[in-house]
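Got the model open in your viewer? Keep the selection box handy, and we'll walk through a few stops together.

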Amino acid sequence: PLPGPSPRYTLAQFAEGPSTRPALEAIRAVAAAPGQRYNPLVIVGRAGVGKTHLLHALGHALKSSGLARVVVFDGKEFVDGLVGALGDGTITRWRQRLRRADAFLLDDVGALAGKERSQEELYLLYNLLLESGRQMAFTAAAAPTQLPGIEARLATRLAGGLVLELGAPDREARMHEVERLLGPGAVDPALVDYLASRPAASLRDVQQLVPRLLSAAEERDTALSIDVARAILEGTTATAARPPRRGSGLLAPGGGAIRSREKMIETWPDIAERLLEDWN
């Protein structure tokens, strides 16, 4: 069977915020009328912003709208499949399988850069699917016309639909992702707000940060709280973990006082005990 959307990625699990809402609205519009609006849909952005997630989420939405054969290919997988078909003489069957798709989604079209035969096959497939009104979607690191190694005729075809750019996640999107990663037991608004306030260039940064904090808290045999998170990320000491201090109440002079004679104050009752040398 042809590869379909991964169950890991759904629209419900995607971090929605002002920066990502246009892409989510476009996906919902595409799913409501496949092949009629925004065909093709091209999602561009740097690594980790959620392009793959949205592409697979679109695949699930298309299946929910009634399409049976929704194909989701990785760019490298598309190239490798073509090379294998050319090698064993099954190129005709390989083409027929793809041309039966009700929707064709390709993740990372940049993987075809510099590969003339792969781009030729995608160009022919694109024209056939577009003429028959079937939905297509692609992801890329940059706008199609700015992708190095992609032929102009293919880039023009890809740019003929709607091109959406995903940027760095905004605070609302980061908060949504933090809450999802912490799970339903995340009842500490201060912790969620603190983690969401930290800058992140991509959702992947948030997805790496939260599990790392949970693991570090588990190693300390404590629950993750805002104090523990600050101790891990900023090197501060968590207030809850500080043991009560006991002592005589006398404070030793700090390192700065020892280094500077001007900061020393001495009181010595017996002047004779202060004699360092006896001059004869």
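What follows is a short tour of a predicted model, going from its cores to a helix pair and then to some single residues.

**Stop 1: the largest nonpolar core**

Start by selecting Phe78, Leu98, Phe104, Leu106, Leu122 and Phe138, and show their side chains. These are the residues with the most contacts inside the largest nonpolar core, which has 29 residues in total. Now colour the elements that feed this core: β1 (41-44), β2 (70-74), α3 (75-88), α4 (91-99), β3 (103-107), α5 (116-131), β4 (135-140) and α6 (152-158) each supply at least two of its residues. Which element gives the most? That's α5, with five residues. As a bit of background, nonpolar side chains in soluble globular proteins tend to be buried together.

Stay here and centre on Phe78. Which residues is Phe78 in contact with, once you ignore its neighbours within four places in sequence? Turn on the side chains of Phe73, Trp94, Leu98, Phe104, Leu106, Leu112, Ser118, Glu121 and Leu122, and you have the list.

Apart from the largest core lies another one, of 23 residues. Select Ile27, Ile43, Ala103 and Leu203 to find it; these four are among its members.

**Stop 2: Asp80**

Go back to helix α3 and pick out Asp80, which lies in that helix. Asp80 is partly exposed, with a relative accessible area of 40%. Draw a distance from its C-alpha atom to that of Ser118: the two residues are 38 apart along the chain, and the separation should read 9.3 Å.

**Stop 3: α7 against α8**

Next, hide everything but residues 171-182 and 189-197, which are helices α7 and α8. Two packed helices are described by the angle between their axes and the distance between the axes. Here the axes come within 8 Å and cross at roughly 130 degrees, so α7 is oblique to α8. The crossing of α7 past α8 is right-handed.

To see what holds the view together, show side chains on both helices:

- From α7, the contact uses Arg171, Arg174, Met175, Val178, Glu179 and Leu182.
- From α8, it uses Leu191, Val192, Asp193, Leu195, Ala196 and Ser197.

Colour those by character and you'll get seven nonpolar, one polar and four charged residues.

**Stop 4: Ser202**

Move along to Ser202, in the loop between α8 and α9. Is Ser202 buried or exposed? It is buried, with a relative accessible area of 4%. Leaving aside neighbours within four places in sequence, Ser202 is in contact with Ala47, Gly48, Val49 and Pro169. Try another C-alpha distance here, from Ser202 to Asp170: these residues are 32 apart along the chain and separated by 9.4 Å.

**Stop 5: backbone oddities**

Switch to a backbone view and zoom in on the loop between α1 (21-32) and β1, where you'll find Pro40. The peptide bond from Asn39 to Pro40 is cis, with omega near 5 degrees. Tyr38 is found in the loop between α1 and β1 too. Its phi is near 55 degrees, a positive value in a residue other than glycine. Tyr38 is partly exposed, at 29% relative accessible area.

For the last selection, jump to Asp221, in the loop between α9 (203-219) and α10 (226-234). Asp221 has a positive phi of about 60 degrees although it is not a glycine. With a relative accessible area of 72%, Asp221 is exposed.

Note on methods. Residues numbered from 1 in each chain as written. Predicted model: local features only at pLDDT ≥ 70, side-chain atom pairs only at ≥ 80, totals over all residues. Heavy atoms only, no water. Core = buried A, V, L, I, M, F, W, Y, C linked by side-chain atoms within 4.5 Å. Buried < 20%, exposed > 50% of the residue type's maximum accessible area, 1.4 Å probe, protein only. Helix = DSSP H or I, 4+ residues; strand = E, 2+ residues; numbered from the N terminus. Contact = heavy atoms within 4.5 Å. Axes fitted to C-alpha atoms, helices over the stretch in contact; angles between N-to-C directions. Parallel < 35°, antiparallel > 145°, perpendicular 65-115°, else oblique. Left-handed = near helix turned anticlockwise from the far one by under 90°. Nonpolar A, V, L, I, M, F, W, Y, C, P; charged D, E, K, R; others polar.
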